[in-house]
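Please open the structure in your viewer and keep the selection tool at hand. The stops below go from ring to ring and then out to the surface.

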Amino acid sequence: MSAPSSTSTGGRLAGFLRDHITYVIFLAITLYFVLFAPHFASLSTASAVLRITAIVSVMAIGMTFVIICGEIDLSVGSVASFAGMIGALLLDRDVPGYVASLIVLAAGAGIGAASGLLVTKLRIPSFLVTLGMLSIFSGLALTITGTRPVPIVDDDFSNLFWNGGFAGIQAPIWWTIVLTLIGYYLLHQMAYGRRVFATGGNPVAARFSGVRTDGVKIVAFMLSGMTASLAGLMLAARSTAGNPSLGAGLELDVIAAVIIGGTSLFGGYGSIVGSVIGAIFIGILGFGLLVLGLSTSIQEVIKGAIIIIAVSLNRR
């Protein structure tokens, strides 16, 4: 009588491992770094990883809404660069830091709304719309000041978004925690979140159920634009300057973090916490390879290969 119970337990364990295969892979990789990378297993390393992954984590939270809706946003890196430049220019003209920050976040929401309207009203694939937006805002970030960085001398701004801290926790980690809680509440506790899942899972059925899928997608793009703008402010505070190339290429890490975290690239399934964990996994991978002393080029090759393997095993 004990054989069926043992078989059932083994089946459940196999099913659990299959459903969480990316977590298993990265836990194994983390264990490898703990055992073989010098001084990797320490609180200072954990703090450093959380700090350097905060920007990708914040952007991944907004991207999660877009991907669950069955769309993609390739413009987040260039929007972050543009937002950092606008924030630095406003501060340079003596605009108070909190006012400049609100203006930048509103600009990010506006950019997201424009992308969402083009996707939903003109029926242009989000891949093409946001690829165009990537080019537009990358060019604008370079053009505004003739490719020159704009220094930031406002210490309050730098402390708020990067250099400061509270209760022993650094500011970028606080931003990750706050945005995770807000994103979790919005996606998993509010009616809007249920509409996001319905829109990505079966848009036709969602429309017949009374869900305004176009509006749901537009709001998702606005959230992605706002989190990209917030990441731009964090990037500017980290380097104490608005720099037109700060966010270049970040969109790839952000999308990888969301997919590694379990969100389906085809929409209808995903979670905020999973995306943040995906961003932290990417940070652990990069930091561990750095501590092992591998060259930057080899780090990129290994990092890309592991991400492809993890994502391919986690397809839904």
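How many aromatic pairs does a search of the whole structure find? In this predicted model, the search finds 7 aromatic pairs.

Begin by selecting Phe 82 and Phe 137, whose ring centres are 5.0 Å apart and whose planes meet at 65°, so the pair counts as edge-to-face, the term for planes over 60 degrees apart. Colouring the helices helps here, because Phe 82 belongs to helix 5 (residues 76–92) and Phe 137 to helix 7 (residues 126–144), so that the pair ties together parts 55 residues apart in sequence. Both Phe 82 and Phe 137 are buried.

Next select Phe 166 and Trp 174, an aromatic pair that is tilted, with 6.0 Å from centre to centre and 50° between the planes. Phe 166 is exposed, at a relative accessible area of 59%, whereas Trp 174, at 28% relative accessibility, counts as partly exposed.

For a ring with a charge over it, move to Trp 162 and add Arg 238, which lies over the face of Trp 162 at 5.6 Å from the ring centre.

Now select Tyr 32, Phe 33 and Phe 36, which ring pairs link into a cluster. Keep Tyr 32 and Phe 36 selected and add Leu 31, Val 34, Leu 35, Leu 292, Leu 294 and Ile 298: these residues form a nonpolar patch on the surface, with about 730 Å² of accessible area together. Helix 2 (residues 21–36) gives the most to this patch, with 5 residues. Finish on Leu 35, which lies in helix 2 and is exposed, because its relative accessible area of 58% is over the 50% cut-off.

Methods: Residues numbered from 1 in each chain as written. Predicted model: local features only at pLDDT ≥ 70, side-chain atom pairs only at ≥ 80, totals over all residues. Heavy atoms only, no water. Patch = residues over 30% accessible without salt bridge, like charges linked within 9 Å, V, L, I, M, F, W, Y side chains within 5 Å. Areas by Shrake-Rupley, 256 points an atom, 1.4 Å probe, with all protein chains shown as cover. Salt bridge = Lys/Arg side-chain N within 4 Å of Asp/Glu carboxyl O. Helix = DSSP H or I, 4+ residues; strand = E, 2+ residues; numbered from the N terminus. Buried < 20%, exposed > 50% of the residue type's maximum accessible area, 1.4 Å probe, protein only. Phe/Tyr/Trp six-rings, centres within 6.5 Å; stacked < 30°, edge-to-face > 60°. Lys NZ or Arg CZ within 6 Å of the ring centre and 35° of its normal.
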